[in-house]
Amino acid sequence: MKSSTTTGFASAVLLVLLCGSTVAFSLNDNYKTIIDTLAWTGDLSEIYSIIERNQIANTTIHLRSVTVFAPHNEAFLKITKQDNDDEYLPCYHITNVPMKLEQLGKSVFSELDGNPPIWITKKSPEEIYVNQAKVVYSLANYEHNNTFGKPQVLHVIDQVLQPLRMKKNSPQNVYNPNAWEFMQNAEYLDLDSYHTNTFLQRVQNLDKKGVFSNQGGHTFFIPVDEVANYPKVKPEKIDVKVIDAHIVPDNVLFLGPTNEDEQFKTLAFTDMLKVFSSLSKAAEGDKTKYYVSSDTVVGDDVHPTGAVVAEIVKANIPVRNGVVHLISRPLMIVDNNVKQFIESYKDREDSALHRFYEEIMNSGGDFLEKLTAMPNVTLFAPSNAAFNDQSIQSYLLNRTYIRSLLDLHIVNRRLSIDDIVAESIDTRFQVQTEVPRKDLFFNVVTNGKNRTLTLEGGGVNATVVQANLAATNGIIHIIDHVLGIPSSTVDRKLATDPTLNETNYLGQVSSLNDQLGDVQKRFTYFVPRDLAWRRLATDNPSVYKKLFMPEYSQVARAILERHLIIADKAFTMDDFRKEANNNNNLSVRLPVVRDVSMYVKIKDSVEGYSIEWRDEWIHVHRSDVRCTNGIIHVIDKVLIDQNDIDGSGAIATKSISALVLVMAQCLVFYYFN
């Protein structure tokens, strides 16, 4: 009985090894030929079956030296089977030279009719792609001679390679075309019913076929004639430079191995005109869609700066001189204003800006007319995901509030990423929005070739996820949060704002921040920005140094408490200004945690708000930064008195009793309600 159980368990283990997922099998300690390995490895049964059914592939693998790129069974589950798979797939996964990974060049010739190439991308010694498919490194470089002594190599890959196919019953055969021959013969090719006649006609009329025939390995983005819900472009706008912008020379860019948002020079990149291309993707509903962007960073009278984005409607089509991607519209052509750009998303429910369009229309629609009237505008447009954030849904019910917030997303000038970077070199760049006294504050983080742009508006931090989208009257940047709708508590805002690091650090080490996440309380916090602390370091270096020593954390806490009000409501700067007006513009008492009788004056000017404390006017750098449990006012000076720290580092002012603290919080009602 025991022997039977053991035998059954061993059989079950063997079954898992043969039929399980890709991580469940190994080619180690295997001494079979390549064809036998395919036959006896359960997870490679699909590729074995189609090779066995194809006489040419079957004969080749039995008689000749080969390299086999073998998709595992899971890869076959991800494709839609076609009637001619047995004709096209087996030989396209075989090449007649045995090559280990380190021997692979930029391409190898397949055994399919015409010997079309398989393109190789090496991102690292262990990250190698074959066309779109990634080599499973742990299941690669398996070597064995066949029964005739011919050396063979097997590499397992994670996707099925898809060659260019002919239409069923096509009257003409096209073998291994280059990109030009591809366009010429598109009517005979299986391109999912897409046509490229308009672009082909312009290439012929402008005598540009040579750039699509160049030998080597290149990437070609070819616009199809028409895609539903995408605006149609006038053919005459496709000029010589526009055609060049559809080619990335000397780079074969399949979607899988290409870094998202990495920029590549196009053929239109010259001394006088500089145009890059980049790839990106986005989840839209239950699908992932891929896009190509042409970014004109230096334009001319005909070709304005900015990016134009097209959806890749059929990707990764291998040709003799590279790869072709069919796209929804021509690149580089800017023929819509900002309003028309937003309206183009109205019927594309899963597209990036569909929810933004809906919220505009739900708020009256006049926002679009305002955009049209502005000759130079930058729009920071929240994405679908931004509006789907559950934490803001209650705010979206207030249409009047949302309409006022929309203006926070507009700047009355053109601002490209390069403009913002240039303005941010010496100082943190800020710019006025269409909401009075509400600026946007920018921060650019550069990591190698990648640049990430973040901004803050109305207390909300957002990241630009798609930049420099061009319109005839401006530029659009897609962002990942709706500005002005708070989604962070005070403590989280401190932790994520790159200009408040010093105050955040002192609040952490002194444990003051621990209470700032309490959503049952309302905080008003005058937060010194990093520049304010640097000024303190310059004016009084010994005090600054002492405050940042861990042993004096409670001293730092006491000083921060002078900046903090805790009450049953948070106070805007306008609340303080109105109270000052009620007092005939005299001082206003701020019932902060530390000093019950702290008085300030409020000044309101075109430069914004200022407060006067100890006979010095202090600029409020950012007012009314809203959080879910309070409001932050960012100020340019630390509220510290020369008597706060004596020689031993102790607080010179006597500690405030708990009773007085309670009274301080209660007094708020008297002065502000």
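**Exercise 1. A residue in a strand**

In which strand does V527 lie? Then decide whether V527 is buried or exposed, and list its contacts.

*Solution.* The model used here is predicted.
Step 1. Find the element: V527 belongs to strand β23, which covers residues 522-528.
Step 2. Take the accessibility. V527 has a relative accessibility of 0%. Buried means under 20%, so V527 counts as buried.
Step 3. List the neighbours, leaving out residues up to four places away in sequence: V527 touches L494, L500, T503, I632, H633, V634 and I635.
Step 4. Take one residue from another part of the chain. L353 is 174 residues from V527 along the chain, and the two C-alpha atoms are separated by 35 Å.

**Exercise 2. A salt bridge between two strands**

Which residue forms a salt bridge with E311? State where both partners lie and classify each by accessibility.

*Solution.*
Step 1. The partner is K289, and the closest N and O atoms of the pair are 4.0 Å apart.
Step 2. E311 sits in strand β14 (residues 306-319) and K289 in strand β13 (residues 287-298); the two are 22 residues apart, and the pair links distant parts of the chain.
Step 3. E311 is buried because its relative accessibility is 11%. K289, at 26%, counts as partly exposed.

**Exercise 3. A salt bridge inside a helix**

How many residues apart are D574 and R577, and which helix holds both?

*Solution.*
Step 1. Both residues lie in helix α23, residues 573-582.
Step 2. They are three residues apart, about one turn of the helix.
Step 3. Their side chains meet in a salt bridge, with 2.5 Å from N to O.
Step 4. D574 has a relative accessibility of 22% and therefore counts as partly exposed. R577 is also partly exposed, at 22%.

**Exercise 4. A salt bridge from a loop**

What is the distance between the closest N and O atoms of K637 and E616? Explain why the pair ties together separate parts of the sequence.

*Solution.*
Step 1. K637 and E616 form a salt bridge, with the closest N and O atoms 3.7 Å apart.
Step 2. K637 is in the loop between β29 (630-635) and α24 (658-672), while E616 is in strand β28 (residues 616-627), so the pair ties together parts that are 21 residues apart in sequence.
Step 3. K637 is partly exposed, with a relative accessible area of 26%. E616 is partly exposed as well, at 36%.

**Exercise 5. Groups of charges**

Which residues are linked in a network of salt bridges, and which gather in a patch of negative charge?

*Solution.*
Step 1. The network links D366, K370, R403, D407 and E434. In total, the structure holds 33 salt bridges.
Step 2. The patch of negative charge lies on the surface and consists of D286, D347, E349 and D350.
Step 3. Place one member of the patch: D350 is in the loop between α11 (338-343) and α12 (354-362). With a relative accessible area of 42%, D350 is partly exposed.
Step 4. Count the charges of the protein chain: there are 67 positive and 81 negative side chains, and the centres of the two sets lie 2 Å apart.

**Exercise 6. The chain overall**

How many helices and strands does the protein chain have? Give its extent and the share of buried residues.

*Solution.*
Step 1. The chain has 24 helices and 29 strands.
Step 2. Its C-alpha trace spans about 100 × 80 × 45 Å along the principal axes.
Step 3. Of its 673 residues, 52% count as buried.
Step 4. The accessible surface is about 31,100 Å², and carbon and sulfur atoms make up 49% of that area.

Technical notes:
Residues are numbered from 1 along each chain as its sequence is written. This is a predicted model: local features need pLDDT of at least 70, side-chain atom pairs count only at pLDDT 80 or more; totals for chains, interfaces and linings use all residues. Side-chain values use heavy atoms; hydrogens and water are left out. Helices (H or I, at least four residues) and strands (E, at least two) are DSSP runs, numbered from the N terminus. Buried means under 20% relative accessible area, exposed over 50%, partly exposed in between (1.4 Å probe, protein chains only). Patches are made of residues with over 30% relative accessible area and no salt bridge: like charges are joined within 9 Å, nonpolar side chains (Val, Leu, Ile, Met, Phe, Trp, Tyr) within 5 Å. Accessible areas come from the Shrake-Rupley method with a 1.4 Å probe; for residues, only the protein chains shown count as cover. Lys and Arg count as positive and Asp and Glu as negative; His and the chain ends are not counted. The place of a charge is taken as NZ of Lys, CZ of Arg, CG of Asp or CD of Glu. Contact means heavy atoms within 4.5 Å.
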